[in-house]
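Student: I have this structure open and I am new to it. Can we go through it piece by piece?

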Amino acid sequence: MRALGKSAAAGLTAAALVGAGVSAAFADNIVLTGDDVTSTAGGTLDLGTVACKSVVTSNVLVAAIRRGNGDKADPVFANGTAVAVSVTGVTGTGLTAAPGSDATIDLESNWTSFAPGSGHVSQDTATVVARLATSTVSGAGTGSISFVATGVATDGDTIRRTDSLKVSWNTAPCPTNTAPTAPGAPVASATPTQGGFSLSWAPSTDAENNAVTYTLEGKDADDAGFTPVATGLTSPSHTFVAGAPAEGTWTYRVKAVETSTSPALESAYGPASSPVVVDRTKPNAPTASPDRAADYTDVATGAWWKDSVTVSFADNGDPNLPDSSVGSGVAAWSDSETVTVTGPFTTGSRTVTDRAGNVSAPTTFSGSVDAAAPLVSLACPTAPVVKGSTAYATWTASDLGSGLATAASGQVALDTSAVGSRSVVAPAGTAVDNVGHQSAATEACSYSVVYDFHGFFQPVDMDKVNVAKAGSSIPIKFSLSGFQGMDIIAAGYPKFTITGTSQTGDAIEQTVTAGGSSLSYDPVADQYVYVWKTDKAWAGKSGTFTLRLADGTDHTAKFSFKK
């Protein structure tokens, strides 16, 4: 809180009271006074003469004054109450106000002991900060600040008092100032240049001898207007660092700006410089062109040529600078290289040099040459195939160059019209690579064609020991899925191989009378019947009956013979 001294309290007048229009039987009120300014008898804060385009502040101290009698019509603030002060309105151009850091009046604990109408002023005050921001308009100015103060009365009700403070000031005229003269046209230390050059110009003059700095602007050939390059330059020159500015054909201009005045005046821009060419661009890398279009292009492995390719190199000009102005150019140049090596290749690198001495990026040409046909391998079935069935040999193809244009695998149909050992080849052109090479014919692979054997049928069991009388004739029945002719049994077969003495098993329930072994075909049952005439000498023996067919396959059954 800010205490109000006796001298300050004594200086408060009835005209400075909040609610000064109250009758002689005054209620408690508040009084205003200025800090470091003198309130007039009419309640006016005079800020005096203020410089143009400046800001001044003043603290307005708000104190309470003892006037009430304590009844409803003439209330009294309660002892020790805190009276809150706020701003309700401000008038006047550039004038603002707001409560300060202490916006309450803390009344004395014996406030009611002071005589009514005694005009006692509180020792504590609230602060309102008045702020004036002047413009370039000179002359007298006025305004007002309206306040409201709110506190608790002795009867517990709220006392609310308002007042306003007139504010006056005089804005001093702004001093007269003239702008500096325009500087001269910038002159480059070198052009064309790769950058890092200097610009200099005739300096500006100022009638009031105000200090100035320079603003440098530039534009290249495709810019619509100038843009800042450097500001605040204290001397009439500017040096670009190496590698600056950006490439292009540049034009520059300069203006002067005062630094010690407010407002700071500035000159018009001086005349523009002559064009300054900045060129750090390498010429285009040379072109590389094969003697023909690729025979095949793969997304993963790129372009492929069949057998060989010749690559020609040529100059590719000098690009324009980034602002579309012309580069320095290159002399005509060409070269070539022929590639005959099978597989991926990259040519030697080539570069060109432009007339400014810039060397292009190197150019190489990469691709692949494929001079080899695809390879095909053929695999026949390892298991025998049935006569008359549909069967295939499987081929697989590979290519170490451009890859296969045809399938990587496939089948060759096998001839199963006759039993026995046979062979097959995959013909030339079975596989074709992506540049057009065809595979050669493969080496032959072998396969075996056999009868579609089913049996033996009853009375013979193939999974048991068949018990028969030695010397009997046993019908061996089997099927080859249709009539296959009568030359179906290999020479020297069937055979019976004795392996031991007699064994128990399933008795042969059907025998035939025959003078010897014979073969016949039953078309109704689709069965061959071989009548096997056994030997009486096999009594008490057991062994294996083997029927070898003309296809080379063996079919067996176990037999045991009794007397």
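Student: Is alanine 190 buried, partly exposed or exposed?

Tutor: Alanine 190 is partly exposed, at a relative accessible area of 33%. Buried means under 20% relative accessible area, exposed means over 50%, and partly exposed is in between (1.4 Å probe, protein chains only). Before going on, note that this is a predicted model: local features need pLDDT of at least 70, side-chain atom pairs count only at pLDDT 80 or more, and totals for chains, interfaces and linings use all residues. Residues are numbered from 1 along each chain as its sequence is written, and side-chain values use heavy atoms, with hydrogens and water left out.

Student: Where does alanine 190 lie?

Tutor: Alanine 190 is in the loop between strand E13 (187-188) and strand E14 (198-200). Helices (H or I, at least four residues) and strands (E, at least two) are DSSP runs, numbered from the N terminus. The C-alpha atoms of alanine 190 and valine 278 are 9.6 Å apart, with their positions 88 residues apart along the chain.

Student: Which peptide bond is cis, with omega near -5°?

Tutor: That is the bond from threonine 191 to proline 192. Proline 192 sits in the loop between E13 and E14. Another cis peptide bond runs from tyrosine 493 to proline 494, with omega near 10°. Proline 494 is in the loop between strand E35 (473-479) and E36. As background, most peptide bonds are trans, and most residues other than glycine have a negative phi.

Student: What is phi for serine 481, then?

Tutor: Serine 481 has a positive phi near 55°, and this residue is not a glycine. Serine 481 lies in the loop between E35 and E36, and is partly exposed at 36% relative accessible area. Lysine 53 also has a positive phi, of about 50°. Lysine 53 belongs to the loop between E4 and strand E5 (55-66).

Student: New topic. How many salt bridges does the structure hold?

Tutor: The structure holds 9 salt bridges. The criterion is a side-chain nitrogen of Lys or Arg within 4 Å of a carboxyl oxygen of Asp or Glu. One of them joins glutamate 337 to arginine 350, with the closest N and O atoms 2.8 Å apart. Glutamate 337 is in strand E24 (residues 334-339), while arginine 350 is in the loop between strand E25 (343-346) and strand E26 (366-370), and the two are 13 residues apart.

Student: Is arginine 350 buried or exposed?

Tutor: Arginine 350 is buried, with a relative accessible area of 13%. Its partner, glutamate 337, is partly exposed at 23%.

Student: What does lysine 464 form a salt bridge with?

Tutor: Lysine 464 forms one with aspartate 506, and the closest N and O atoms are 3.3 Å apart. Lysine 464 lies in the loop between strand E33 (454-457) and E34, and aspartate 506 is in strand E37, so the pair ties together parts 42 residues apart in sequence. Lysine 464 is partly exposed at 41% relative accessibility, and aspartate 506 is partly exposed at 29%. Elsewhere, Asp291, Arg292 and Asp295 are joined into one network by salt bridges that share partners.

Student: Which residue in E34 or E37 is the bridge partner of aspartate 506?

Tutor: Asparagine 466 is the bridge partner of aspartate 506, which is in E37. Strand E34 (residues 465-469) pairs with E37 in the parallel sense over 2 bridges. Two strands pair if DSSP finds at least two bridges between them.

Student: What is the order of the strands in the open sheet?

Tutor: The open sheet has 5 strands in the order E36-E40-E41-E34-E37, and the pairing is mixed. Its edge strands are E36 (495-501) and E37 (506-507), each pairing on one side only.

Student: Which residues gather in the patch of positive charge?

Tutor: Lys469, Lys533, Lys536 and Lys562 form that patch on the surface. Patch residues have over 30% relative accessible area and no salt bridge; like charges are joined within 9 Å, and nonpolar side chains (Val, Leu, Ile, Met, Phe, Trp, Tyr) within 5 Å. Lysine 562 is in strand E41 (residues 554-562) and counts as partly exposed at 45% relative accessibility.

Conventions: Areas by Shrake-Rupley, 256 points an atom, 1.4 Å probe, with all protein chains shown as cover. Lys, Arg positive; Asp, Glu negative; His and termini not counted. Charge placed at Lys NZ, Arg CZ, Asp CG, Glu CD.
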